[in-house]
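Please examine the model below with regard to its sheets and the helices packed against them.

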Amino acid sequence: MSQTGRTMPRGSERALNEAYDTALLDLDGVVYAGGAAIEHAVDALAEARDGGMHLAYVTNNALRTPDAVAEHLTELGVPAEATDVITSAQAVARLVSDQLPQGAKVLVIGGEGLRVALKERGLVPVESADDDPVAVVQGYGGPDLTWSRFAEASYAINRGLPWFASNVDLTIPSGRGIAPGNGAAVEVVRIATGADPQVAGKPLPPMHRETVLRTGAERPLVVGDRLDTDIEGAFNGDVDSLLVLTGVTDGAQLLAAKPEHRPTFVDADLRGLLTGQPEVRAKGDGFECGGWTASVTDGAFALDGDGEAMDGLRALCAAAWSHAGDGVCDVDAAKVLERLGL
């Protein structure tokens with residue numbers, strides 16, 4: 001089923017790790033947060049892998065190299081090779097190399113992952129606007145990236161150099177909560193220059209292209225926690241998606257999702273890879289899933305029944321998305337989500 005016009009989550013009689021050959025997994029907020037594994041992630045991924053599913057890790061975080069990410073995953077108990085990791089640094093490096101000649105100097109505003117990716121594409125990272133760069137490339141540099149780096153980018157861009165960004169996620173999950181992401185840093189430079197970067201990361205096509213080239217997935221399932229990157233990226237690539245509620249997206253945001261942000265499947269965490277998904281069916285003026293029936297009546301949500309909280313949320317998604325059509329559902333969901341413990 002195409003992603004276009006989705007009005008309800010889809011059911012699956014088969015476990016997702018059997019229905020799809022490759023899971024394209026986001027990392028921050030899905031597999032780990034702040035360096036520590038998210039509950040159930042390690043065991044769920046091991047079981048999915050043992051069942052024959054290829055696991056690929058697709059991250060908009062351009063700070064670390066694929067080697068470093070794979071080493072971290074392995075330390076957490078999720079065995080991975082560098083070739084299993086696809087980063088927005090790799091995607092933006094390919095985007096830049098498609099437009100610049102081999103050996104071109106580029107001003108790097110970011111971390112080691114970005115420098116390594118650019119070198120792999122035959123580009124030469126430099127640190128100053130006075131080093132004769134021909135472009136500026138910006139990626140997440142971590143909490144210790146200094147303000148002077150944003151100034152350096154601004155000097156170069158204001159001289160007319162093209163500007164590339166690995167991604168524009170405004171936030172990033174950490175062990176202490178939600179922190180500013182590369183998108184927040186990009187906005188600092190945008191304010192100082194009035195320019196707009198070419199962006200490679202999710203949800204844009206360069207990242208999907210990089211992922212397909214590196215994984216060879218034939219029946220991929222995008223797994224993520226963000227509507228505006230992971231799920232929209234799946235929508236843009238016309239592939240199916242699983243949203244897990246272990247990161248930045250909560251129930252209210254999911255119910256208010258616009259069409260390109262509506263996932264194929266919804267689950268609490270990565271254990272959702274190991275099971276099928278119950279079908280959501282239209283019932284009268286509402287929708288039923290598991291033991292729940294949900295509808296939007298007189299401008300309010302109605303939720304009746306009992307059972308698994310995720311089934312109730314799936315029924316609510318169908319009610320909200322059907323009510324909104326191609327728009328955004330603005331019905332207050334606080335009471336029904338509280339009933340589900342969400």
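The following exchange treats the two sheets in turn, together with several helices.

Me: On what basis are the residues numbered, and which pLDDT do local features need?
Reply: Residues are numbered from 1 along each chain as its sequence is written, and side-chain values use heavy atoms, with hydrogens and water left out. This is a predicted model in which totals for chains, interfaces and linings use all residues, side-chain atom pairs count only at pLDDT 80 or more, and local features need pLDDT of at least 70.

Me: Which strands are the edge strands of the six-stranded open sheet?
Reply: Strands here are DSSP runs of E with at least two residues, and helices are runs of H or I with at least four, numbered from the N terminus. Two strands pair if DSSP finds at least two bridges between them. The sheet has the order E5-E4-E1-E13-E14-E15 with parallel pairing. Pairing on one side only marks the edge strands, E5 (85-87) and E15 (265-267).

Me: Which residue in E4 stands opposite Leu24?
Reply: Strand E1 (residues 22-25) pairs with strand E4 (residues 54-59) in the parallel sense, over four bridges. Opposite Leu24 in E4 stands Ala56.

Me: What angle does helix H8 make with E5?
Reply: Angles run from 0 to 180 degrees between N-to-C directions, the axes being lines fitted to C-alpha atoms, for helices over the stretch in contact. Contact means heavy atoms within 4.5 Å. Helix H8 (residues 205-215) lies across E1, E4 and E5, and its angle to E5 is about 160 degrees.

Me: Why do the buried residues of helix H3 lie on the same side?
Reply: Buried means under 20% relative accessible area, exposed over 50%, and partly exposed in between, with a 1.4 Å probe and protein chains only. In H3 (residues 66-76) the buried residues are Pro66, Val69, Ala70, His72 and Leu73. They share one side because the arc they cover around the axis, taken from the directions from the helix axis to the C-beta atoms, is only 160 degrees.

Me: Which exposed residues does the face of H3 turned away from its buried side carry?
Reply: The buried residues of H3 pack against strand E2 (32-33), E4, E5 and H4. The face turned away from that buried side carries Asp67, Glu71 and Glu75.

Me: In E8, which residue is the bridge partner of Leu107?
Reply: A five-stranded open sheet has the order E7-E6-E8-E9-E12, with parallel pairing. Within this sheet, E6 (residues 105-109) and E8 (residues 135-138) run parallel and are joined by four bridges. The partner of Leu107 in E8 is Val136.
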